[in-house]
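Reader: I would like a close look at a single part of this model, with its surroundings described carefully. Please begin with the wider setting and then work inward.

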Amino acid sequence: MPDRRDDTSDRSISLLDAALRRRFGFVELMPGGSVLKDASVAGLPLRAWFEALNGRIREHVGRDARNLQIGHSQTS
């Protein structure tokens, strides 16, 4: 049986999310490999790796893939 605290925190987060969305505008920032330019690690070109990884995510995940791609917050 799930812990009741989990349900309460889920509801609290969704209420906060709804309140923020009502009060503020959001600008969607999708991942883009162009910021990596010619960067590489141990000979691995990061831009090509990054774009291939996100391409596979989009290909295999399906409908929610846009929200699950690796973006700037994960690579900074």
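**A close look at Q69**

Author: L20 lies in helix 1, which covers residues 4-23, and it offers a useful starting point on the surface of this predicted model. L20 is partly exposed, because its relative accessible area is 37%, a value that falls between the 20% below which a residue counts as buried and the 50% above which it counts as exposed. Together with L16, F24 and F26, L20 forms a nonpolar surface patch whose accessible area comes to about 440 Å².

The chain as a whole has four helices and two strands, and along the sequence these follow the pattern α-β-β-α-α-α. Its exposed area is about 6,800 Å², of which carbon and sulfur atoms supply 56%, while 11% of its 76 residues count as buried. Among contacts between residues at least 6 apart in sequence, 19% join residues at least 24 apart.

The part to examine closely is Q69, which is placed in the loop between helix 3 (65-68) and helix 4 (72-75). Q69 counts as buried because its relative accessible area is 11%, and the cut-off for that class is under 20%. Leaving aside residues up to four places away in sequence, Q69 touches M30, P31, N54, I57 and R58. With R58, one of these residues, there is also a polar contact, in which the side chain of Q69 meets the side chain of R58 at 2.8 Å.

Note on methods. Residues numbered from 1 in each chain as written. Predicted model: local features only at pLDDT ≥ 70, side-chain atom pairs only at ≥ 80, totals over all residues. Heavy atoms only, no water. Patch = residues over 30% accessible without salt bridge, like charges linked within 9 Å, V, L, I, M, F, W, Y side chains within 5 Å. Areas by Shrake-Rupley, 256 points an atom, 1.4 Å probe, with all protein chains shown as cover. Salt bridge = Lys/Arg side-chain N within 4 Å of Asp/Glu carboxyl O. Buried < 20%, exposed > 50% of the residue type's maximum accessible area, 1.4 Å probe, protein only. Contact = heavy atoms within 4.5 Å. Polar contact = N/O pair within 3.5 Å; in protein donor to acceptor, adjacent residues only side chain to side chain.
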